[in-house]
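Let's take a walk through a protein chain together. Have the sequence and the 3D view ready, and look up each spot as we reach it.

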Amino acid sequence: MAFGGSPLDRAGYHRTDPTWLANQRSRGLFLPFWKSQPLLRGEAIALLPGRPAWEGLQAVFLGLDDGQPLFAIDLPDDPEPVFDGAAFQEMRPAAVILPARDCAIAGQAKAMLDWHRRHRFCANCGAATTAEDGGYRRHCPNCQADHFPRTDPVVIMLPILEGKGGLDDHCLLGRNARFTNGLHSAFAGFIEPGETVEDAVARELEEEAGMKIGAVTYHASQPWPFPSSLMIGCYARALSRDFTVDGTQISDANRRTGDGRPQPSAQSLMRRWAMAIGVGMRMSSAISPASRARASALLNHRASAISVPSTMNSRLSALA
Ligand SMILES: [Zn+2]
């Protein structure tokens with residue numbers, strides 16, 4: 001699962017102790033970030049010993065890797081830092097090539113450093129806040145408010161429809177109005193205050209596809225550090241084969257069997273469902289070689305991963 005399954009012991013009971021934390025930092029290894037990009041060496045994250053020049057920069061304790069303390073550190077935007085044999089890389093493409101453990105560590109680091117960048121001042125009184133507990137709390141010395149890292153839950157779902165033979169062998173995919181290449185994706189949306197996962201799945205499908213649904217089944221979840229989401233993958237049983245598109249977020253929707261051409265974001269949900277109903281799932285020959293390779297990597301190496309569809313990327317980017 002991309003960004004999930006971190007091997008680190010976050011040592012939550014120790015990181016609130018400043019003396020313990022200082023000892024860890026003195027022997028820690030650091031994953032540098034520059035403009036929200038992790039430093040990579042080849043196809044792995046680059047972990048470096050601390051440097052005197054990094055004193056005072058925003059650092060976050062990531063956890064213990066078999067006893068070795070790891071930290072993330074946010075380097076200044078200017079000038080661009082240079083490291084021999086290593087380079088800063090955008091997180092999304094990096095997530096495709098990194099080993100699962102490195103992807104999880106880098107994702108945690110990015111989510112935490114992004115949060116610090118966007119929460120330097122108290123949301124209650126506007127005063128500058130200080131990072132505490134290894135970076136897992138920001139404290140306001142003016143009004144004494146404490147602020148904690150946030151995670152925004154998002155549902156991504158595949159509605160399952162009954163086919164002509166009475167089998168649940170069709171699903172519904174949406175096509176965003178911005179898509180120009182014929183790709184379709186799973187439906188997705190933020191969970192709103194006061195909603196359960198099931199409520200959010202039902203509301204999003206009603207809003208975007210005019211679809212009434214019954215039972216909702218949990219599939220898997222995935223941290224999504226752009227900047228701070230948790231994707232919750234679900235199946236939803238449609239109560240009928242009727243649907244309409246809203247014309248704004250969704251311009252088209254298709255009923256499909258397990259064969260077809262879904263966007264990679266929908267493929268984990270599609271794949272497991274297709275296996276369950278025994279129809280298999282083929283790649284369309286219309287997919288470009290690059291897309292095929294990327295999709296193949298997702299399916300072969302991250303078989304249970306779910307990725308965010310483009311419809312969510314734009315909404316998440318707007319919050320960054
Ligand atoms: Zn305050």
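## The big picture

The protein chain has seven helices and 16 strands. Keep in mind that what you're looking at is a predicted model. The chain has 320 residues, and 38% of them count as buried.

How do the contacts spread along the sequence? Take the contacts between residues at least 6 apart in sequence: 67% of them join residues at least 24 apart.

## The core between two domains

In soluble globular proteins, nonpolar side chains tend to be buried together. Here, the largest nonpolar core has 61 residues, and the ones that touch the most other members are A72, A109, M157, V201 and A236. Helix α3 (residues 100-118) supplies the largest share of this core, with nine residues. Where does the core sit? It lies between domain 1 (18-118) and domain 2 (152-319), because both of them give residues to it.

Let's zoom in on M157. Leaving out residues up to four places away in sequence, M157 touches A186, F187, V201, L205, C234, Y235 and A236.

## Strand β11 and its partners

Next up is strand β11, which covers residues 152-161. Is it mostly covered or mostly open? Mostly covered: eight of its 10 residues are buried.

Strands of a sheet pair through backbone hydrogen bonds, either parallel or antiparallel. Strand β11 shows you both kinds. With strand β15 (residues 229-238), β11 pairs in the parallel sense over nine bridges, and P153 stands opposite L230 in β15. With strand β13 (residues 187-190), β11 runs antiparallel, and four bridges join the two. One spot to find there is I156, whose bridge partner in β13 is A188.

## A small open sheet

Now find an open sheet of three strands, in the order β8-β9-β10, with antiparallel pairing. Its edge strands are β8 (130-132) and β10 (146-147), each of which pairs on one side only.

Strand β9 (residues 137-139) and β10 pair in the antiparallel sense over two bridges. If you look at H139, its bridge partner in β10 is D146.

## Helix α4

Helix α4 runs over residues 197-209, so to speak a stretch of 13 residues. From its first C-alpha to its last it reaches 18 Å, close to the 18 Å expected at 1.5 Å a residue.

Which residues of α4 are buried? They are A200, V201, A202, E204, L205, E208 and A209. You've already met two of these names: V201 and L205 are among the residues that M157 touches. Right after α4 comes G210, whose phi is positive, near 60°.

## The loop before β15

S228 lies in the loop between β14 (213-224) and β15. Why does S228 count as buried? Because it has 20 C-beta neighbours inside 10 Å, and 20 or more is the cut-off for being buried.

S228 and A111 are 117 residues apart along the chain, yet their C-alpha atoms are separated by 5.7 Å. Setting aside neighbours within four places in sequence, S228 is in contact with A111, D114, W115, R150, T151 and D152.

## Backbone oddities

Most residues other than glycine have a negative phi, and most peptide bonds are trans. So let's hunt for exceptions. A cis peptide bond joins D78 and P79, with omega about -5°; P79 lies in the loop between β6 (68-75) and β7 (87-88). Another cis bond runs from F226 to P227, with omega near 0°, and P227 lies in the loop between β14 and β15.

For positive phi, look at S36 and Q144. S36 isn't a glycine, but its phi is positive, about 65°. You'll find S36 in the loop between β1 (29-34) and β2 (37-41), and with 18 other C-beta atoms within 10 Å, it is partly exposed. Q144 isn't a glycine either, and has a positive phi of about 70°. Q144 is found in the loop between β9 and β10. Is Q144 buried or exposed? It counts as exposed, because it has 10 C-beta neighbours inside 10 Å.

Key:
Residues numbered from 1 in each chain as written. Predicted model: local features only at pLDDT ≥ 70, side-chain atom pairs only at ≥ 80, totals over all residues. Expected span 1.5 Å × (residues − 1). Buried ≥ 20, exposed ≤ 12 C-beta atoms within 10 Å, placed from the backbone. Pairing = 2+ DSSP bridges. Contact = placed C-beta atoms within 7 Å. Core = buried A, V, L, I, M, F, W, Y, C linked by C-beta atoms within 7 Å. Domains from an automatic or database assignment.
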